[in-house]
Amino acid sequence: MYELVCNNVDEAMAGHYARILCTILGDATTRVEANERGIPTDTHPITNISALETVMTTLHAGAKFGGDTYRVSGGLHGVGASVVNALSSWLKITVKRNGKTYEQEYREGIPRSRVNEVGEASDTGTIVQFIADENIFGRARFDFGIPSERLKELAYLNKGPEISLKDERTEREITCYSSL
């Protein structure tokens, strides 16, 4: 979860407002939603596949390639989304960008299909829902306390993003932002 939030914090640091909502849906299921620009879906110039798929499957690809890179980055420099994907038994990503909605699903880091256009979009953003892989983590169980502290730190140290964490199992919720 933290790795995906870092990508959205980079968007906020680059001047693109980011409202980030992390939701613990079950013991090993999590969703991260952000209203940033959305990961590019056009063909990546090096891999010749969707930039979205490249970001989700290639270390150090990130969404920061090309001439529009960030001047400042607090994230994980292109490893966050691909690592979350590789460590998930199932992951679904939805991107709203350029008036369209796109989706792609993965199993154990491997795409199940191409990036598909599934509809129109009036806004922009990215939604990633994933299940931690039990073969790697055993019976993973997200604890509200640890991610809430990490997300508070990110929000307080970075001007711009509003970060919320909601635990649907217990109805606990926090929202954090910097007053810088």
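# Briefing on a predicted protein model

Among contacts in the protein between residues at least 6 apart in sequence, 57% join residues at least 24 apart. The structure is a predicted model, and its 180 residues include 46% that count as buried. The protein holds five helices and nine strands, and when these are read along the sequence they follow the pattern α-β-β-α-α-β-β-β-β-β-α-α-β-β. The points below take up a helix pair, a set of paired strands, two buried residues and two loop residues.

**Helices α1 and α5**

- Helix α1, which covers residues 2–13, packs against helix α5, which covers residues 145–157, at an angle of about 10° and with the two axes 11 Å apart. Because angles under 35 degrees count as roughly parallel, this angle makes α1 roughly parallel to α5.
- The crossing that these two helices, α1 and α5, form is right-handed.
- On the α1 side the contact is made by Y2, V5, C6 and V9, and these meet R150, L151 and L154 on the α5 side. Sorted by character, the residues of this contact between α1 and α5 comprise six nonpolar, no polar and one charged.

**V5, a residue of helix α1**

- V5 lies in helix α1, and with a relative accessible area of 0% it is buried, because buried means under 20% relative accessible area.
- Leaving aside residues up to four places away in sequence, V5 touches I20, C22, V32, L151, L154 and I163. Two of the names in this list, L151 and L154, also appear on the α5 side of the helix contact described above.
- Strand β1 spans residues 19–24 and strand β2 is its antiparallel partner, and the residues that V5 touches include I20 and C22 as well as V32.
- V5 and A155 are separated by 150 residues in sequence, while the distance between them in space, taken from C-alpha to C-alpha, is 10.0 Å.

**Strands β1, β2, β3 and β7**

- Strand β1 (residues 19–24) is joined to β2 by five bridges, and the two strands run antiparallel. The connection from β1 to β2 is a hairpin that passes through four residues.
- In the pairing of β1 with β2, I20 has A34 of β2 as its bridge partner. A34 in turn has T126 in β7 as a bridge partner.
- Strand β2 (residues 29–34) also pairs with strand β7 (residues 125–132), in the antiparallel sense and over six bridges. In this pairing T30 stands opposite F130 in β7.
- Strand β7 is further paired with strand β3 (residues 88–97), again in the antiparallel sense, and here the pairing extends over eight bridges. K92 stands opposite Q129 of β7.
- Of the six residues of β2, five are buried, so this strand is largely enclosed by the rest of the structure.

**T54, a residue of helix α2**

- T54 lies in helix α2, which is made up of residues 51–57. Its relative accessible area is 1%, and T54 is therefore buried, since the cut-off for buried is under 20%.
- When residues up to four places away in sequence are not counted, the residues that T54 touches are H44, T47, I49 and A61.

**Two loop residues with a positive phi**

- Most residues other than glycine have a negative phi. Two asparagines are described here against that background.
- N48 is not a glycine, yet it has a positive phi of about 60°. This residue, N48, lies in the loop between β2 and α2, and at 59% relative accessibility it counts as exposed, because the cut-off for exposed is over 50%.
- N98 likewise has a positive phi, of about 55°, although it is not a glycine. N98 is found in the loop between β3 and β4, the latter being residues 100–107, and with a relative accessible area of 65% N98 is exposed.

Note on methods:
Residues numbered from 1 in each chain as written. Predicted model: local features only at pLDDT ≥ 70, side-chain atom pairs only at ≥ 80, totals over all residues. Heavy atoms only, no water. Axes fitted to C-alpha atoms, helices over the stretch in contact; angles between N-to-C directions. Parallel < 35°, antiparallel > 145°, perpendicular 65-115°, else oblique. Left-handed = near helix turned anticlockwise from the far one by under 90°. Contact = heavy atoms within 4.5 Å. Nonpolar A, V, L, I, M, F, W, Y, C, P; charged D, E, K, R; others polar. Pairing = 2+ DSSP bridges. Buried < 20%, exposed > 50% of the residue type's maximum accessible area, 1.4 Å probe, protein only.
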